[in-house]
Amino acid sequence: MIYHLEIQVCINRYGDLCERNSFYSNVFLGYEQALQAGIEEVNERLRKIQDKEIDYRNDEMATFIEEQIYCDFVIHELIIMEDVDQFERKIRQHCYKTKILVSEETALYQLCRDHSLSIDYVFDYQGNLIERYEMRLEGLQYLRMPNDYQENAGSLFSVGDIVGVVKKQRCGFGTDNYYVVVSVPGSLRTADNIFRWENIYVCDFVYIGEGKIWNEYDTFHESQIEKVEDELICQQVRKLIAMAEYKS
């Protein structure tokens, strides 16, 4: 296997703290080597950035990152398993079936890995796996989170639930938006095609535009949303959804 490590610490919550040229890239033959190098390199760069900030110079690194920095690093794994023609035939044979039976004993993580051409692993500064992207032969990437292989994955929310984006995921999403779940992914183990499954929920929301209430939708991974328990908010959201006009 070949592991290509990429580190780029260049974005903070205000867009003006990190060095724009802070980029590191290297190639390793071992996954653990690449992971350790990534942890060491990204932490060294974070320490240099923190040293320049008087207000945070003496704080714990975790506090500094939580309040100031958005950073991660990526290990790109190129999987060379066998002769390319042989590999392509195997992938086509499995990936284009409409239904694949999976027993309870099947190691789903390894099964998905075995049918990927490459995988991008995304880590935080401590080396904790945040997410991974599997590249298939057809040129598409599939997002998988560490908890996607739990038996209850894809079933934590039901159609009709009112949800909001969890606090730590709100960067890039509307912080005040509430959503109603309209489609659930279902369990990985019972999906019609295991090789195309992602733990993604489709959710409706409303916005005001052109003097009307419009109905729009967005998609979220299961780990990005949480159920809203406030019944008054839930009633208001459902009422707005019922009044909204569809926006194509």
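Strand 11 (residues 200-209) and strand 12 (residues 212-221) run antiparallel and are joined by 10 bridges. Strands here are DSSP runs of E with at least two residues, helices are runs of H or I with at least four residues, and both are numbered from the N terminus. Two strands pair if DSSP finds at least two bridges between them. This is a predicted model, in which local features need pLDDT of at least 70, side-chain atom pairs count only at pLDDT 80 or more, and totals for chains, interfaces and linings use all residues. Residues are numbered from 1 along each chain as its sequence is written, and side-chain values use heavy atoms, with hydrogens and water left out.

**Overall make-up**

- The protein has five helices and 14 strands.
- Of its 248 residues, 42% count as buried. Buried means under 20% relative accessible area, exposed over 50%, and partly exposed in between (1.4 Å probe, protein chains only).
- The accessible surface of the protein is about 14,300 Å², and 49% of that belongs to carbon and sulfur atoms. Areas come from the Shrake-Rupley method with a 1.4 Å probe; for residues, only the protein chains shown count as cover.
- Among contacts with a separation of 6 or more, 60% link residues 24 or more positions apart. Contact means heavy atoms within 4.5 Å.

**The six-stranded sheet**

- Six strands form an open sheet in the order 13-9-10-11-12-14, with mixed pairing.
- Strand 13 (225-227) and strand 14 (245-246) are the edge strands, each pairing on one side only.
- Helix 5 (residues 231-243) packs on this sheet. Helix 5 touches strand 9 (162-165), strand 10 (179-183), strand 11, strand 12 and strand 14. The direction of helix 5 makes about 75° with that of strand 11. Axes are lines fitted to C-alpha atoms, for helices over the stretch in contact; angles run from 0 to 180 degrees between N-to-C directions.
- Strand 9 pairs with strand 10 in the antiparallel sense over two bridges. Val-163 has Tyr-179 in strand 10 as its bridge partner.
- Strand 10 pairs with strand 11 in the antiparallel sense over three bridges. Ser-183 has Val-202 in strand 11 as its bridge partner.
- Tyr-201 stands opposite Phe-220 in strand 12.

**Buried charged residues in strand 7**

- Arg-132 sits in strand 7 (residues 129-135), and Glu-134 lies in strand 7 too.
- Arg-132 counts as buried because its relative accessible area is 1%. Glu-134 counts as buried because its relative accessible area is 0%.
- The side chains of Arg-132 and Glu-134 share a polar contact of 2.7 Å. A polar contact is a pair of N or O atoms within 3.5 Å; within protein, one must be able to donate a hydrogen and the other to accept it, and residues adjacent in sequence count only if both atoms are side-chain atoms.
- The Glu-134 side chain also makes a polar contact with the side chain of Arg-144, at 2.9 Å.
- Not counting residues up to four places away in sequence, Arg-132 touches ten residues' worth of surroundings including Tyr-109, Asp-120, Tyr-142 and Arg-144.
- On the same footing, Glu-134 is in contact with residues including Cys-112, Ser-116, Leu-140 and Tyr-149.

**Helix 1**

- Helix 1 (residues 31-51) has 21 residues, so at 1.5 Å a residue it should span 30 Å. Its end C-alpha atoms are 30 Å apart, which agrees. The expected span is 1.5 Å times one less than the number of residues.
- Buried residues in helix 1 include Ala-34, Leu-35, Gly-38, Val-42, Arg-45 and Ile-49.
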